Amino acid sequence: MSQPANDIGSAGLEVENADMSGCEIAANDIVKLTHGKLSTEEVSASVVCPSCGAVSLFIGITRNSFEGKKVVELEYEAYIPMAQSEMKKICWDVRRKWPSVKHIAIHHRLGVVPVSEASVIIAISSPHRSESLEAVKYCIDTLKATVPIWKKEIYETEDCSWKENKECRWTGSREK
């Protein structure tokens with residue numbers, strides 16, 4: 001199967017130990033890194049299941065300012081093999097913490113992301129809302145802390161700045 005030219009890589013994992021009641025397809029974890037524009041509809045649809053009454057989403061978008069500076073776009077880079085591995089670990093952790101979660105999709109954009117476009121979309125389905133809402137928050141917080149994806153802000157003045165996630169575990173800046 002060929003991938004679109006802008007698709008860096010995605011991995012779908014069937015999860016055999018997940019609760020299968022009421023859904024005829026196996027639980028699925030999808031992690032994707034791409035230079036293409038992210039689609040909320042595509043990500044959301046990838047986790048829908050008849051046995052699930054909840055699909056929770058997090059959509060991180062490029063904002064137009066940071067600390068008084070006008071941001072015109074963001075640029076993301078990643079160490080792709082490690083980023084995919086860490087994203088898969090997040091899925092496994094979610095399944096351990098919230099066993100009723102059915103499907104998980106984590107899509108992150110790389111390259112240039114203009115203001116108001118999505119940089120990351122996370123979607124999780126579960127029978128009830130509390131599990132999927134908690135799991136989505138865990139996913140984005142853990143992604144920012146563990147996944148090697150770097151962000152550069154480009155400002156209206158044409159200056160730029162690589163941003164460090166305060167949550168990032170390997171920088172030593174995290175509060176103890």
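## Two loop residues with positive phi

Glu-158 comes out as exposed, because its relative accessibility is 73%. This residue of the predicted model sits in the loop between E9 and strand E10 (160–163). Its backbone is worth a look: Glu-158 has a positive phi of about 75°, although it is not a glycine. Most residues other than glycine have a negative phi.

Ser-116 is another case, again not a glycine and again with a positive phi of about 75°. You'll find Ser-116 in the loop between strand E7 (111–114) and E8. Its relative accessible area is 56%, so Ser-116 is exposed.

## Lys-152 in strand E9

Now for strand E9, residues 149–155, which holds Lys-152. Is this lysine buried or exposed? Lys-152 counts as buried, because its relative accessibility is 16% and the cut-off for buried is under 20%.

Setting aside neighbours within four places in sequence, Lys-152 touches Glu-73, Leu-74 and Glu-75, and also Cys-160, Ser-161 and Trp-162.

## Helices H2 and H3, one at a time

Helix H2 covers residues 80–97 and helix H3 covers residues 129–146. H2 has 18 residues, which at 1.5 Å a residue should span 26 Å, and its end C-alpha atoms are indeed 26 Å apart. H3 also has 18 residues, and its first and last C-alpha atoms are 25 Å apart, close to the expected 26 Å.

On the H2 side, the buried residues are Ala-83, Gln-84, Glu-86, Met-87, Ile-90, Cys-91, Val-94 and Arg-95. In a helix with 3.6 residues a turn, residues three or four places apart point the same way. The buried residues of H3 include Glu-131, Ser-132, Ala-135, Val-136, Tyr-138, Cys-139 and Ile-140. Thr-142, Leu-143, Ala-145 and Thr-146 of H3 are buried too. What do the buried residues of H3 pack against? They pack against H2 and against three strands: E3 (54–61), E6 (103–109) and E8 (118–126).

## How H2 meets H3

Two packed helices are described by the angle between their axes and the distance between the axes. Here the axes of H2 and H3 come within 10 Å and cross at roughly 145°, and the crossing is right-handed. From H2, the contact uses Glu-86, Ile-90, Asp-93, Val-94 and Lys-97. From H3, it uses Ala-135, Tyr-138, Cys-139, Thr-142, Leu-143 and Thr-146. By class, that makes 6 nonpolar, 2 polar and 3 charged residues.

Tyr-138, in helix H3, gives a residue-level view. Beyond its neighbours within four places in sequence, Tyr-138 is in contact with Ile-90, Asp-93, Val-94, Lys-97 and Trp-98. Take Val-94: it is 44 residues from Tyr-138 in sequence, but their C-alpha atoms are 7.7 Å apart in space.

## Cysteines without a disulfide

How many disulfides does the structure hold? The count is 0. A disulfide is a covalent bond between the sulfur atoms of two cysteines. For Cys-91, the closest cysteine sulfur belongs to Cys-139 and is 6.1 Å away, which is too far for a bond, because a disulfide needs sulfur atoms within 2.5 Å.

As for surroundings, Cys-91 counts as buried because its relative accessibility is 0%. Cys-160 has 45% relative accessibility, so it counts as partly exposed. Cys-160 is also one of the residues in contact with Lys-152.

Methods: Residues are numbered from 1 along each chain as its sequence is written. This is a predicted model: local features need pLDDT of at least 70, side-chain atom pairs count only at pLDDT 80 or more; totals for chains, interfaces and linings use all residues. Side-chain values use heavy atoms; hydrogens and water are left out. Axes are lines fitted to C-alpha atoms, for helices over the stretch in contact, and angles run from 0 to 180 degrees between N-to-C directions. Helices (H or I, at least four residues) and strands (E, at least two) are DSSP runs, numbered from the N terminus. A crossing is left-handed if the near helix is turned anticlockwise from the far one by less than a right angle, and right-handed if clockwise. Contact means heavy atoms within 4.5 Å. Ala, Val, Leu, Ile, Met, Phe, Trp, Tyr, Cys and Pro count as nonpolar, Asp, Glu, Lys and Arg as charged, and the others, Gly among them, as polar. Buried means under 20% relative accessible area, exposed over 50%, partly exposed in between (1.4 Å probe, protein chains only). The expected span of a helix is 1.5 Å times one less than its number of residues.
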